[in-house]
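Welcome! Have a look at the structure below, and then try the short exercises that come after it.

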Amino acid sequence: MEEAVNKVIDESRQGEAVVLSSRGEGKKLYIESYGCQMNFSDSEVVASILTKEGFSTTRNVDEADVVLINTCSIRENAETRVRNRLTEFKKKKEDKPEMMVGILGCMAERLKKSLLEEEKLVDLVAGPDAYRDLPNLIEEVGSGQKAVNVLLSRDETYADISPVRMDKGGVSAFVTITRGCDNMCSFCVVPFTRGRERSRDPETIVEECRELFNKGYREVTLLGQNVDSYRWNMTSKGEIKDNSKLTTNFAQLMEMVALVSPDLRIRFSTSHPKDMTDDVLEAMAKYENVCPYIHLPVQSGNSDVLKRMNRGYTREWYLERIAAIRRIVPDCAISTDIITGFCDETDSEHEDTITLMNEVKYDYAYMFKYSERPKTLAERRFEDNVDDGIKSKRITEIIELQTQHSLESNQKQIGTTQKVLIEGKSKRSEEQLCGRTGRNSMVIFPKGEYQKGTYVMVKINDCTSATLFGEVVEEIPPAK
Ligand code: 5AD
Ligand code: SF4
């Protein structure tokens, strides 16, 4: 989920936003994003804020006046990758000193002073809640100063900003519903870098989804660090004191978005095992357009490790939630996150993760070696004492097991017919298209006359552990 991927805002979006100020007139902006989906989504908010100032976006870093890197701190290697990139930009600046380089996101929050003052790698630092201030910060740098704003907010949700989408003519878009996190999992730096949790006004979320649908998008992914704790009440606007009738929870929000159109697929990420209620599962079961797929990070299969991780649930609780998914949304695909080699993890605790994986048989998993992060509860309370060789051995075992489970999961799809939303050409061949099933499996099939953004029924006839292969047996006309 978190693997760094460079994504650059599409140049063809120039001029799409209304220019409200001319501070960026004639200037070109280049943004690169690393880390989680939330960062990619935030980069679209940043592009929106700056195009309104007159900036145009570019895919080519060499013609950029302003280079912004949206960064991730979740594991040490994510930060290392960004640092290497910043060093490359520093070299570029030797030939082009007027080029401004700034960092956004989690590293900005965590490393502000050191990147700006000690290592002199950047001119500008803006934390996740400071993006509205970017035009001013860029102006400050233009007048010869270094600029920084890493203030975290209790209520910034960028609710009114319509993000500039990365891929024009796209099919699938992210829509942020909550920001920040209050959970304090002991291994996690996010509560420190992204601040307190806050939910976004549901009406602005529904409106954004409707606009996306009208522009041709056919899938939205509702994003939050813990979507299940989404809660909006009118007191958030300061209008009315708490009253359950005036409260919107995640299950209700999901229904509101599902009703935008039966042709708009709904996905969401990330669910939290301690907060995921049956209401949410029932809303999923009720609407055909809510995809039967849940990402439910377990982190470990051992209750003592979960306690040290401060996850707020036990192995038994987690397995009961899995049973609830199977009961209420039969055939729902389930993926997870697993951390291996957390502080004091013994062989037998690791073995519990293996037995849990065998019990759940995840369709997909993101697997990480524990990486100690400064300031976290784990850093303060425990020792990162599992030898790296043991972490590597354990993660190899986990990855091999998961690959086997993913293959079995895909093999079960052979012979079935699945509704697929076409995303575009397959990367491997011009003659093939690719799209996803509701269960989030990638399917490749011959292109025929089928169009991106439409639904087709595909009969699955082969697979690998990562991909399904099939052929279209029926086109599905748009819903009335
Ligand atoms: N070390 C390793 N993995 C981590 N994650 C979060 N913090 C750490 C860390 N310090 C993983 C968790 C989380 C996912 C987004 O990243 O599995 O669910
Ligand atoms: Fe980090 Fe836990 Fe919050 Fe996820 S729920 S962002 S792992 S603190």
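Here are three exercises on this predicted model, each with a worked solution.

**Exercise 1.** Find out how confident the predictor is in the protein chain, and what holds for residues 1–20.

Solution. Start with the whole chain: its average pLDDT is 91. Next, look at the share of residues that score at least 70, which is 93%. Then turn to residues 1–20, where the pLDDT is below 50. In the model this stretch still has 64 contacts beyond near neighbours in sequence.

**Exercise 2.** Describe the surroundings of ligand 2.

Solution. First locate the space: ligand 2 takes up the largest cavity. Now list the residues around ligand 2, among them Cys181, Met184, Phe187, Gln225, His272 and Arg311. Finally, sort the shell by type: seven residues are nonpolar, three are polar and one is charged.

**Exercise 3.** Explore the largest nonpolar core and one of its best-connected residues.

Solution. Begin with the size of this core, 53 residues. Leu222 and Phe250 have the most contacts inside it. Pick Phe250 and skip its neighbours within four places in sequence: its contacts include Ile177, Leu222, Tyr230 and Phe268, as well as Asp228. To finish, note a second, separate core of 23 residues, including Val45, Leu124, Ala126 and Ala147.

Terms used:
Residues numbered from 1 in each chain as written. Chains lettered and ligands numbered in written order. Predicted model: local features only at pLDDT ≥ 70, side-chain atom pairs only at ≥ 80, totals over all residues. Heavy atoms only, no water. Near = heavy atom within 4 Å. 1 Å grid on protein atoms, 1.4 Å probe; cavity = no way out; pocket = protein on both sides within 12 Å on 5 of 7 lines; lining within 4 Å. Sits in = over half its atoms within 2 Å of the grid points. Nonpolar A, V, L, I, M, F, W, Y, C, P; charged D, E, K, R; others polar. Core = buried A, V, L, I, M, F, W, Y, C linked by side-chain atoms within 4.5 Å. Buried < 20%, exposed > 50% of the residue type's maximum accessible area, 1.4 Å probe, protein only. Contact = heavy atoms within 4.5 Å. pLDDT = per-residue confidence, 0-100.
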